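Hi,

Here is the structure I said I'd pass on. Have a look at it first, and then read on for what I found in it.

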Amino acid sequence: MTTDKNVFSTCPLCEQGVLTEQQASESTVYKGVERLLPLYFACCSECGTEQADAKHLRANKRVLQAFKKEVDGLLTGAQLRELRESLELTQAQAAQVFGGGPVAFSKYESDDVAQSEGMDKLLRVAQAVPAAFAWLKQHAGFATEQITLSSQSMTLALAAVRAKGRVQQQLYAGFQLQDSVREQVVIGTAHFAGSAQKQWVH
Ligand SMILES: [Zn+2]
């Protein structure tokens, strides 16, 4: 985190020396778990004072928060971001689906704030159980138009399936549950005039 700007900052205490960025390791214990965590600060070349400004405090707080999350069995900020991205949601969309307010995911992912245990579990369920995630999206009100078919396109798509004569009951069951199947229907419908049957049964 050393930058030229920081290296040449004048010490606000003695107003003589320059501040240089420092990083030390500090033993930290949380719930009986000990870990060496990085500690960020600056040191004056003249008076030797060690100082932490707002930027250092924020960085140190994030390191500590990430460690606590790990010990508490919660997703760390990096893991949570990965999970959200695997669900193909922006931070704003994630807040819409899971709650927490507009800046919640930004704070979770930067380790400014720890998500609640309930939020943590909800996110894991959404990833592990596609039907649960689909339900949440639907109830958030923004995914519905993406996956719901008009009755006309549904009719066309089903007609395409029937025409092939290989309609299977589980296909209809999948229809109710799986977004991927629905997407296939949409694709099939879009190409219906051409080769919907090929799209459908292969
Ligand atoms: Zn100084």
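One definition before anything else: I call a residue buried if 20 or more other C-beta atoms lie within 10 Å of its own, and exposed if 12 or fewer do. Please also keep in mind that this is a predicted model.

By that count, Asp120, Leu123 and Ala126 are the buried residues to look at in α6. Seen down the axis of α6, its buried residues fall within an arc of 130°, so they line one face of the helix. Turn to the face pointing away from that buried side and you'll find exposed residues: Glu117, Gly118, Lys121, Arg124, Val125 and Ala128. And what covers the buried side? The cover includes α3 (77-86), α4 and α7 (130-140). As for its length, α6 has twelve residues and reaches 16 Å from its first C-alpha to its last, close to the 16 Å expected at 1.5 Å a residue.

Two of those α6 residues, Leu123 and Ala126, also belong to the largest nonpolar core. That core has twelve residues in all, and the others are Leu74, Leu75, Leu80, Leu89, Ala94, Val97, Phe98, Phe105, Tyr108 and Phe133. Three helices, α4 (91-98), α5 (104-109) and α6 (117-128), each supply at least two residues of the core. The largest share is three residues, and it comes from α4. As background, nonpolar side chains tend to be buried together in soluble globular proteins.

Val97 is a good core residue to click on. Leaving out residues up to four places away in sequence, Val97 touches Leu89, Leu136, Lys137 and Ala140.

Now for the strands. β1 (residues 9-10) pairs with β2 (residues 18-30) in the antiparallel sense over two bridges, with Thr10 standing opposite Val18 in β2. β2 also pairs with β3 (residues 33-44), again in the antiparallel sense, over twelve bridges. β2 and β3 form a hairpin with two residues between them. Next to that turn, Tyr30 stands opposite Val33 in β3, and Lys31 in the turn has a positive phi of about 50°.

β4 covers residues 50-51, and Glu50 is found there. Is Glu50 buried or exposed? It is in between: Glu50 counts as partly exposed because it has 13 C-beta neighbours inside 10 Å. Beyond four places in sequence, Glu50 touches Phe41 and Cys43. Glu50 and Gln22 are 28 residues apart in sequence, yet their C-alpha atoms are 8.9 Å apart in space.

Stepping back to the whole chain, there are twelve helices and four strands. Buried residues make up 17% of the 202 residues. Of the contacts between residues at least 6 apart in sequence, 54% join residues at least 24 apart.

Finally, a word on confidence. The chain averages a pLDDT of 79, and 66% of the residues score at least 70. Two stretches to watch are residues 145-150, where pLDDT stays under 50 and the model has six contacts beyond four places in sequence, and residues 165-202, where pLDDT also stays under 50 and there are 35 such contacts. Where pLDDT is low, the predicted coordinates should not be read in detail.

Cheers

Conventions:
Residues are numbered from 1 along each chain as its sequence is written. This is a predicted model: local features need pLDDT of at least 70, side-chain atom pairs count only at pLDDT 80 or more; totals for chains, interfaces and linings use all residues. A nonpolar core is a set of buried Ala, Val, Leu, Ile, Met, Phe, Trp, Tyr and Cys residues joined through C-beta atoms within 7 Å. Two residues are in contact if their C-beta atoms, placed from the backbone, lie within 7 Å. pLDDT is the predictor's confidence in each residue, from 0 to 100. The expected span of a helix is 1.5 Å times one less than its number of residues. The arc is that of the directions from the helix axis to the C-beta atoms. Two strands pair if DSSP finds at least two bridges between them.
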